[in-house]
Amino acid sequence: MDLSVVIPTLNGRDHLAAGLDTLATHVPDAEVVVVNGPSTDGTTGMVRERDDVDVLVEVSTRTENVSRNAGLEVATGDVVAFLRYDLVVEASWLDGLRDGLADAPVATGPTHRTLGGGMTTEESERRTIGSREVTYFNGGNVAFRRRVVDALDGFDEYLETGGDRDAAHRLAALDFDVAWRPEMGVRREYSADGGVATGDRGAEFRALSYRLVKNYGIRPAVATGTIRRAARDALAAGRDVLRGDLDPTEWFATGRAVVGGVARGTADGVIARVKDRSPTRNPHGISDRSDRAVARYDWR
């Protein structure tokens with residue numbers, strides 16, 4: 001097995017350095033591709049001074065799926081893994097990856113989060129949509145046989161978030177299985193004062209609507225699922241308003257953003273579905289463009 005590890009990063013110099021150190025310890029024979037950009041914290045200099053990175057690709061777009069695809073374009077392994085820059089692989093990671101790929105062409109595992117009161121982890125997530133059994137994977141800890149990620153044409157660059165979930169739907173459409181291995185674990189450590197970002201709800205629902213409509217078309221089940229999720233979030237925010245934890249104007253503004261996101265995502269999903277009628281369902285994949293990299297440093 002020739003393994004390439006692609007690590008997209010953005011202004012994560014210190015976390016990335018720790019991840020590269022651990023990768024060099026536990027997976028010393030892997031081809032390591034770092035896709036940076038556009039960082040302003042000295043990441044480029046740090047990576048260029050290391051001897052355990054094979055390729056550094058600089059991109060001008062902050063979208064993670066663009067970075068993933070830029071890494072895929074230069075990775076040479078017959079297995080390509082993707083890691084988040086702020087995660088470190090555990091000692092059993094490589095054995096878990098090998099074991100998972102022996103049973104399926106895609107393998108993933110949990111993220112262990114070290115908190116003040118202990119450690120949390122994830123479980124495998126599956127969902128049946130229509131006749132399709134979808135196994136979701138951790139986009140910051142996943143490995144593909146090269147033929148599989150080529151069949152997907154990489155990740156959909158329209159999506160600013162949820163690119164891994166979109167790929168999971170498309171894997172199911174192409175009848176590719178995903179193996180879950182607890183041994184293929186990665187770890188993320190938080191400082192005591194770390195918080196959780198709420199994110200852009202409009203962008204989140206635009207991505208959700210887009211990927212569901214693109215992959216399944218306009219169906220009652222798709223609409224029902226999106227509406228149910230929006231209603232659940234609205235009720236939770238309404239309780240925050242009643243408790244005084246959220247300003248009513250923020251609640252209304254978020255509601256407008258969600259409605260706008262759903263409308264735009266649905267329209268763009270229909271267009272994408274028409275543009276790519278194949279099971280790949282990826283009109284914005286690797287083959288769509290060739291100008292992602294603005295600079296490339298190759299030490300192979």
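The mean pLDDT of the protein chain is 88, with 87% of its residues at 70 or more. Over residues 191-198, however, the pLDDT is below 50, and this stretch has zero contacts in the model beyond near neighbours in sequence. The structure is a predicted model. Its secondary structure amounts to nine helices and 14 strands. This briefing covers the chain as a whole, strand E3, helices H3 and H6, and a set of aromatic pairs.

**Chain as a whole**

- The protein chain has 300 residues, and 50% of them count as buried.
- Taking contacts between residues at least 6 apart in sequence, 78% join residues that are at least 24 apart.
- The accessible surface of the protein chain is about 14400 Å², and carbon and sulfur atoms account for 49% of that area.

**Strand E3 and its partners**

- Strand E3 spans residues 55-59; five of its five residues are buried, so the strand is largely enclosed by the rest of the structure.
- Val55, Val57 and Val59 point one way from E3, while Leu56 and Glu58 point the other way; all are buried, the charged-residue position Glu58 included.
- Strand E2, residues 31-36, runs parallel to E3 and is joined to it by four bridges.
- Within this pairing, Val33 has Val55 of E3 as its bridge partner.
- Between E2 and E3 the chain passes through helix H2, residues 43-48, and the resulting β-α-β crossover is right-handed.
- Strand E14, residues 293-298, is antiparallel to E3, and five bridges join the two.
- Ala295 in E14 is the bridge partner of Glu58.

**Helices H3 and H6**

- Helix H3 covers residues 64-74; nine of its eleven residues are buried, so the rest of the structure largely encloses this helix.
- The buried residues of H3 are Asn65, Val66, Ser67, Arg68, Asn69, Ala70, Gly71, Leu72 and Val74.
- Helix H6 covers residues 163-173, and nine of its eleven residues are buried, so H6 is likewise largely enclosed by the rest of the structure.
- In H6 the buried residues are Gly163, Asp164, Asp166, Ala167, Ala168, His169, Arg170, Leu171 and Ala172.
- Asp175, just after H6, takes a positive phi of about 65 degrees.

**Aromatic pairs**

- Six aromatic pairs are found in a search of the whole structure.
- One of them joins Phe82 and Phe144 in an edge-to-face arrangement, with 6.1 Å centre to centre and 80 degrees between the planes.
- Phe82 belongs to strand E4 (residues 79-83) and Phe144 to strand E11 (residues 141-145), so this pair ties together parts that are 62 residues apart in sequence.
- Phe82 and Phe144 are both buried.
- Phe137 and Phe144 also form an edge-to-face pair, at 5.7 Å centre to centre and with 90 degrees between the planes.
- Phe137, like Phe144, is buried.
- One aromatic cluster is formed by Phe82, Phe137, Phe144 and Phe155.

Methods:
Residues numbered from 1 in each chain as written. Predicted model: local features only at pLDDT ≥ 70, side-chain atom pairs only at ≥ 80, totals over all residues. Heavy atoms only, no water. Buried < 20%, exposed > 50% of the residue type's maximum accessible area, 1.4 Å probe, protein only. Pairing = 2+ DSSP bridges. Right-handed = clockwise from strand over helix to strand, strands pointing away. pLDDT = per-residue confidence, 0-100. Contact = heavy atoms within 4.5 Å. Areas by Shrake-Rupley, 256 points an atom, 1.4 Å probe, with all protein chains shown as cover. Phe/Tyr/Trp six-rings, centres within 6.5 Å; stacked < 30°, edge-to-face > 60°.
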